[in-house]
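Please set out how the two ligands sit in this protein model, and which backbone features deserve a careful look.

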Amino acid sequence: MPSQDRWAEVDDYLTGLLVPEDPVLDHVLSASAAAGLPPINVAPNQGKLLHLLAVITRAHTILEVGTLGGYSTVWLGRALPEHGRLVTLEGDPRHAEVARSNLEAAGLLGKVDIHIGPAQQTMAQLVTAGMGPFDLIFLDADKQGYPAYLDYSLSLSRPGTVLIADNVVRDGRVADPDSGDGAVEGVRSFLELVADEPRLSATAVQTVGAKGYDGFALAVVGS
Ligand code: SAH
Ligand code: DHB
Ligand code: MG
């Protein structure tokens, strides 16, 4: 059975072909590592998938929940047109500071706002401030929070908004109703809410690669 080594080899092969070397993205990762951030950014080919989804949907406004060092933020931010905007939410001020520096190096600070604080609070503030609707929303913070982030996302959406959620498979544990793992339970509640939400049409796809075995959910808001 092919396993982690093979998945990583294939990721290297695909990324080598389809995701060009990029000094700015390399710098984001090396600066994040040097600052001691955990290496839990999306993989390069996943970052490019996010980028392509933003391009395909012609997103002018993007909301990201979970910034870390800004790696996925750069992929998404580069898909924006000249007057596009991206809001990214981060709970850890140290992560946000690394991201700010990385986004500056990427020339994206003019398009990106970083909001620091627990995402349930900063999302609530976006709703209160009348922000949105966002064209694309990427959920990638704590998995326990996903059910609440879904609720806020719907408030910040319009028909046609695309919602992407990372890490919804968790080494397959998502299929275990008795995992006792808060992250798995958060993802399961999120998926059940998505399934029951008449405004959403959704799917979820398992992925393997350099980052192991996981998956993402993709949903579109209807009318
Ligand atoms: N999207 C990033 C990775 C995000 S990792 C990338 O692919 O490059 C998840 C991030 O969510 C971490 O930086 C963590 O600090 C942040 N986070 C975790 N719980 C949070 C919360 N409750 N509110 C806001 N941010 C949170
Ligand atoms: C973790 C979080 C992520 O968003 C991810 O893509 C991988 C791992 C984590 O918290 O372990
Ligand atoms: Mg993730």
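The report below covers the basis of the values, a strand pair, the two ligand sites and two backbone features.

## Basis of the values

This is a predicted model, in which local features need pLDDT of at least 70 and side-chain atom pairs count only at pLDDT 80 or more, while totals for chains, interfaces and linings use all residues. Residues are numbered from 1 along each chain as its sequence is written, chains are lettered from A and ligands numbered from 1 in the order in which they are written, and side-chain values use heavy atoms, with hydrogens and water left out.

## Strand pairing and crossover

Strand 2 (residues 85-90) runs parallel to strand 3 (residues 112-116), and five bridges join the two; pairing requires that DSSP finds at least two bridges, and helices (H or I, at least four residues) and strands (E, at least two) are DSSP runs numbered from the N terminus. Within this pair, Val87 stands opposite Asp113 of strand 3. Between the two strands the chain passes through helix 5 (residues 93-105), giving a β-α-β crossover that is right-handed, a term for a path from the first strand over the helix to the second that runs clockwise with the strands pointing away from the viewer.

## Surroundings of ligand 1

Around ligand 1 there are 21 residues, of which Ser72, Glu90, His95, Ala119 and Asp140 come nearest; a residue counts as near if one of its heavy atoms lies within 4 Å. Polar contacts, which are pairs of N or O atoms within 3.5 Å, include one from a polar side-chain atom of His95 to an oxygen atom of ligand 1 at 2.8 Å. Nitrogen atoms of the ligand also take part, with a polar backbone atom of Gly66 at 2.8 Å and a polar side-chain atom of Tyr149 at 3.3 Å. On its own ligand 1 has 590 Å² of accessible area, of which the protein covers 85%, as computed by the Shrake-Rupley method with a 1.4 Å probe.

## Surroundings of ligand 2

Ile40, Asp140, Lys143, Asp166 and Asn167 surround ligand 2. Oxygen atoms of this ligand lie 2.8 Å from a polar side-chain atom of Asp140, 2.8 Å from a polar side-chain atom of Asn167 and 3.3 Å from a backbone N or O atom of Ile40. The protein covers 61% of the 300 Å² of accessible area that ligand 2 has on its own.

## Backbone features

Asn167, which contacts ligand 2 through its side chain, has a phi near 65°, a positive value in a residue other than glycine, and is placed in the loop between strand 5 (162-166) and helix 8 (182-196). In the loop between helix 6 (119-128) and strand 4 (136-139) lies Pro133, and the peptide bond that leads to Pro133 from Gly132 is cis, with omega near 0°.

Methods: A polar contact is a pair of N or O atoms within 3.5 Å; within protein, one must be able to donate a hydrogen and the other to accept it, and residues adjacent in sequence count only if both atoms are side-chain atoms.
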